[in-house]
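Work through these exercises with the model open beside you. Try each task before you read its solution.

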Amino acid sequence: MTQRFYLLAASQVTANVSFVLYTMAVTSYIKENTGSTALASMITMTSLLARLLSGLSVPLLADTYKSIHIMRSVQVMQIGMLVGLYVLLTQEFTVTVLTMGFIIVGIISFFNGFFSIFKTSVVRSLVNDSQRMQANSLLSTIDQTFLFAGWSLGGFVLSLTGSTQSLFITAGLLSISFVCLLFIKEVHTYKQTQKRRAAIMEGWRFLWIHKRIRALVIMDIIESLFGTIWIGAITLSFVKEVLGKGEAWWGYINGAYYFGSIVGGIIVYRMSSMVKGRLLLFMFLGSLGYAVLTGFYGLVTNPYLALVLLIMMGPAYQLRDVAQETIYQNTCSNGMLPKVIAAKSTLVQAVFILSIVFVGTVADLFGVRFVYLFSSFMLLLTALIGMAGLMYNKHSIEIDKTPAERRGGI
């Protein structure tokens with residue numbers, strides 16, 4: 001890996017940790033001043049909707065500007081918005097302050113959505129074909145490690161600094177992220193070759209026409225529909241109703257989930273040389289393992305066994321995720337990649353928003369245990385059908401190979 005890659009990793013880590021701290025700070029501020037859990041939870045919904053809009057806007061920028069330039073610009077925008085949010089939250093609390101707070105939260109999330117989408121394209125530019133799987137797994141491991149620390153220590157930081165003062169720490173972390181990006185030079189340049197309306201639809205057309213990518217996106221959409229089984233309300237209900245524990249174990253469950261992701265990232269990184277030539281196979285094994293372990297998790301009543309299962313999910317989840325991202329990078333050109341990722345992210349975000357209501361309703365009607373068992377069945381079905389669709393084309397194995405390998409007839 002090059003020095004530029006590690007600078008990108010540092011930029012991603014500081015940006016994501018800052019987003020965690022900022023989310024906790026704003027949520028805490030609203031909860032303290034309104035006493036409403038519903039209003040506090042709207043921070044997540046606002047963030048998801050804003051990210052959906054940023055995904056729709058990506059094609060307007062992808063053909064005109066370098067990905068690294070866009071990433072730098074959005075960091076500057078977010079720092080400016082955070083300063084404005086700090087000034088706002090130091091005012092006397094009113095309905096106007098609350099409304100403006102939600103608007104600024106939406107703007108920050110809108111720009112943050114660009115960062116995560118264009119980061120995938122920059123990774124493709126900085127890392128050669130043979131190291132791409134290793135790079136993705138390393139990025140994921142580093143990110144999950146610091147996210148685990150961020151969510152674990154965020155409450156402690158808030159208790160020391162207060163919700164408004166912690167925004168300074170957030171702005172500082174984003175500033176570090178921006179400085180790291182200044183030292184990254186992207187090789188590829190893009191020129192807009194078609195009208196804006198055509199550019200907006202280009203990524204969507206690619207998803208529809210390219211059968212293998214379409215199968216991957218369908219799998220992602222169905223998986224995101226049941227991804228909300230891990231949101232706070234559902235996991236807390238499972239802890240209390242099924243495991244018979246209190247809020248402390250809610251924290252342990254979240255910690256085990258992140259710890260499993262870290263362990264999974266390390267394992268996938270060590271296996272990257274073996275996995276990169278068999279992406280489809282290992283993606284299927286990861287999806288299958290994740291679905292089965294989710295089912296076992298829904299059946300357990302022993303809280304310690306639940307923690308073990310969550311840690312075991314990490315390698316399966318990371319294997320599936322890293323293999324999928326590498327397939328996208330190997331299949332799409334550098335100019336097309338951000339448009340495809342944006343289109344996929346938009347669909348996934350939209351489904352995830354709808355699933356919050358869907359999964360909550362299912363839990364109320366049939367119980368929280370049923371949610372995990374039903375999700376396990378659907379994830380298993382999705383893995384089997386998705387892989388059958390990917391393997392139906394006799395040339396589908398091509399996406400398991402890097403462009404260099406395909407040119408060499410390997």
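**Exercise 1: two helices that cross**

H3 crosses H4 with left-handed geometry. (Left-handed: the near helix is turned anticlockwise from the far one by less than a right angle; clockwise is right-handed.) This is a predicted model, where local features need pLDDT of at least 70 and side-chain atom pairs pLDDT 80 or more, while totals for chains, interfaces and linings use all residues. Residues are numbered from 1 along each chain as its sequence is written, and side-chain values use heavy atoms, without hydrogens and water.

Task: at what angle do the axes of H3 and H4 cross, and within what distance do they come?

Solution.
- Step 1. Find helix H3 at residues 67-89 and helix H4 at residues 95-126. Helices are DSSP runs of H or I, at least four residues, numbered from the N terminus.
- Step 2. Read the geometry: the axes come within 9 Å and cross at roughly 160°. Axes are lines fitted to C-alpha atoms over the stretch in contact, and angles run from 0 to 180 degrees between N-to-C directions.
- Step 3. Name the arrangement: H3 and H4 are therefore roughly antiparallel (over 145 degrees).
- Step 4. Sort the contact of H3 with H4 by class: 19 nonpolar residues, seven polar and one charged. Nonpolar means Ala, Val, Leu, Ile, Met, Phe, Trp, Tyr, Cys and Pro; charged means Asp, Glu, Lys and Arg; the others, Gly among them, are polar.

**Exercise 2: H6 and its neighbours**

Task: how are H1 and H6 arranged, and how are H3 and H6?

Solution.
- Step 1. Take H1 with helix H6 (residues 166-182): the angle is about 160° and the axes lie 8 Å apart. H1 and H6 are therefore roughly antiparallel. Their crossing is left-handed.
- Step 2. Take H3 with H6: the angle is about 165°, with axes 9 Å apart. That makes H3 roughly antiparallel to H6. H3 passes H6 in a left-handed crossing.

**Exercise 3: an aromatic pair**

Task: which class fits the pair of phenylalanine 19 and tyrosine 22?

Solution.
- Step 1. Count first: the whole structure has 20 aromatic pairs. Rings of Phe, Tyr and Trp (its six-membered ring) pair if their centres lie within 6.5 Å.
- Step 2. For phenylalanine 19 and tyrosine 22, the ring centres are 5.3 Å apart and the planes stand at 55°, so the pair is tilted. Planes under 30 degrees apart are stacked, over 60 edge-to-face, and the rest tilted.
- Step 3. Place the pair: both residues lie in helix H1, three residues apart, about one turn of the helix.

Technical notes:
Helices (H or I, at least four residues) and strands (E, at least two) are DSSP runs, numbered from the N terminus. Angles under 35 degrees count as roughly parallel, over 145 as roughly antiparallel, 65 to 115 as roughly perpendicular and the rest as oblique.
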